[in-house]
Amino acid sequence: MCSRTRSRSRTGRPRSAEADTAILEATRAALVELGWSKLSMGDVATRAGVAKTTLYRRWANKNELVVDAVAVLFDELELPDLGSLRADIENVVLQFAALLERPETKTALMAVVAESTRDEPLRERIRGSIVDRQKRLVLEGRQRAQERGELPAERDPETIAAGDDLIFDVVAGAVVHRALVSAEPVDEAWVRRLSALLIGGLGAVDEAGRAH
């Protein structure tokens, strides 16, 4: 009896998906209402209807919590097969732009990026939880385009990784700057111009990679 009790105490209480969802939603709501400086773990716990200790069992501090609250939003992005590289790019860019229009995404993303300029661990968490996870879209799009014959096959892993990094940086940088810095619309006309630029440039990226 005593042994079973000790075993349960070592493994701890299993995480609840419902509690995690409530906490992350509460975090985004608090950010919109209070801003980064006034956001506290206690306020999030109250909004989510959980004990503060529940938060600290999952996240060490509010930096980690806010990054995860943002990351789950970006996990909503998908890359449906629309038959061509151009259509695939335009669809995911419009999804990304629509996501950035949501107050909770905009506020949370701007807050963590600003804070990360003076917090290296936070920058690393953003890279691992958001940037690296979303590069899946570039990898999937490139593989699909190669299977269709729209892009040449590339076998060198370093060249593939460098190209995917560049594509991600160009797309993410352009859309974030357009939507959040310039505050200009990311409409279908702008997205068509961006996709034309990307598709024209992909050949140059591949050639540069092979030239090395």
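## Exercises on a predicted all-helix model

The axes of α7 and α8 come within 8 Å of each other and cross at roughly 135 degrees. This model is predicted, so local features need pLDDT of at least 70 and side-chain atom pairs count only at pLDDT 80 or more, while totals for chains, interfaces and linings use all residues. Residues are numbered from 1 along each chain as its sequence is written, and side-chain values use heavy atoms, with hydrogens and water left out.

**Exercise 1.** Classify the crossing of α7 and α8, and list the residues in the contact.

*Solution.*
- Step 1. Two packed helices are described by the angle between their axes and the distance between the axes.
- Step 2. Axes are lines fitted to C-alpha atoms, for helices over the stretch in contact, and angles run from 0 to 180 degrees between N-to-C directions.
- Step 3. Angles under 35 degrees count as roughly parallel, over 145 as roughly antiparallel, 65 to 115 as roughly perpendicular and the rest as oblique.
- Step 4. At roughly 135 degrees, α7 is therefore oblique to α8.
- Step 5. Contact means heavy atoms within 4.5 Å. Val112, Val113, Glu115 and Ser116 of α7 meet Leu122, Arg123 and Ile126 of α8.
- Step 6. By class, these residues divide into 4 nonpolar, 1 polar and 2 charged. Here Ala, Val, Leu, Ile, Met, Phe, Trp, Tyr, Cys and Pro count as nonpolar, Asp, Glu, Lys and Arg as charged, and the others, Gly among them, as polar.

**Exercise 2.** Treat α6 and α7 in the same way.

*Solution.*
- Step 1. The two axes come within 5 Å and cross at roughly 85 degrees.
- Step 2. The helices α6 and α7 are therefore roughly perpendicular to each other.
- Step 3. From α6, the contact uses Leu99, Leu100 and Glu101; from α7, Pro103, Thr105, Lys106 and Leu109.
- Step 4. The contact of α6 with α7 has 4 nonpolar, 1 polar and 2 charged residues.

**Exercise 3.** Are Ser129, Leu82 and Ala183 buried, partly exposed or exposed?

*Solution.*
- Step 1. Buried means under 20% relative accessible area, exposed over 50%, and partly exposed in between (1.4 Å probe, protein chains only).
- Step 2. Ser129 lies in helix α8 and counts as buried because its relative accessibility is 12%. Leaving aside neighbours within four places in sequence, Ser129 is in contact with Val67, Asp68 and Ala71.
- Step 3. Leu82 lies in the loop between α5 and α6; with 45% relative accessibility, Leu82 counts as partly exposed. Not counting residues up to four places away in sequence, Leu82 touches Ala87, Asp88, Asn91 and Arg148.
- Step 4. Ala183 lies in the loop between α9 and α10; at 60% relative accessibility, Ala183 counts as exposed. Ala183 also has a positive phi of about 55 degrees, although it is not a glycine.

**Exercise 4.** Describe the whole chain and its largest nonpolar core.

*Solution.*
- Step 1. The chain has 10 helices and 0 strands. Helices (H or I, at least four residues) and strands (E, at least two) are DSSP runs, numbered from the N terminus.
- Step 2. Of the 212 residues, 38% count as buried.
- Step 3. A nonpolar core is a set of buried Ala, Val, Leu, Ile, Met, Phe, Trp, Tyr and Cys residues joined through side-chain atoms within 4.5 Å. The largest one has 53 residues, and Val44, Leu65, Phe74, Val93 and Val175 have the most contacts inside it.
- Step 4. Elements giving two or more residues to this core include α2 (17–34), α3 (41–48) and α5 (62–74).
- Step 5. Val44 touches Ile23, Ala26, Thr27, Ala30, Leu39, Leu55 and Leu65, not counting residues up to four places away in sequence.
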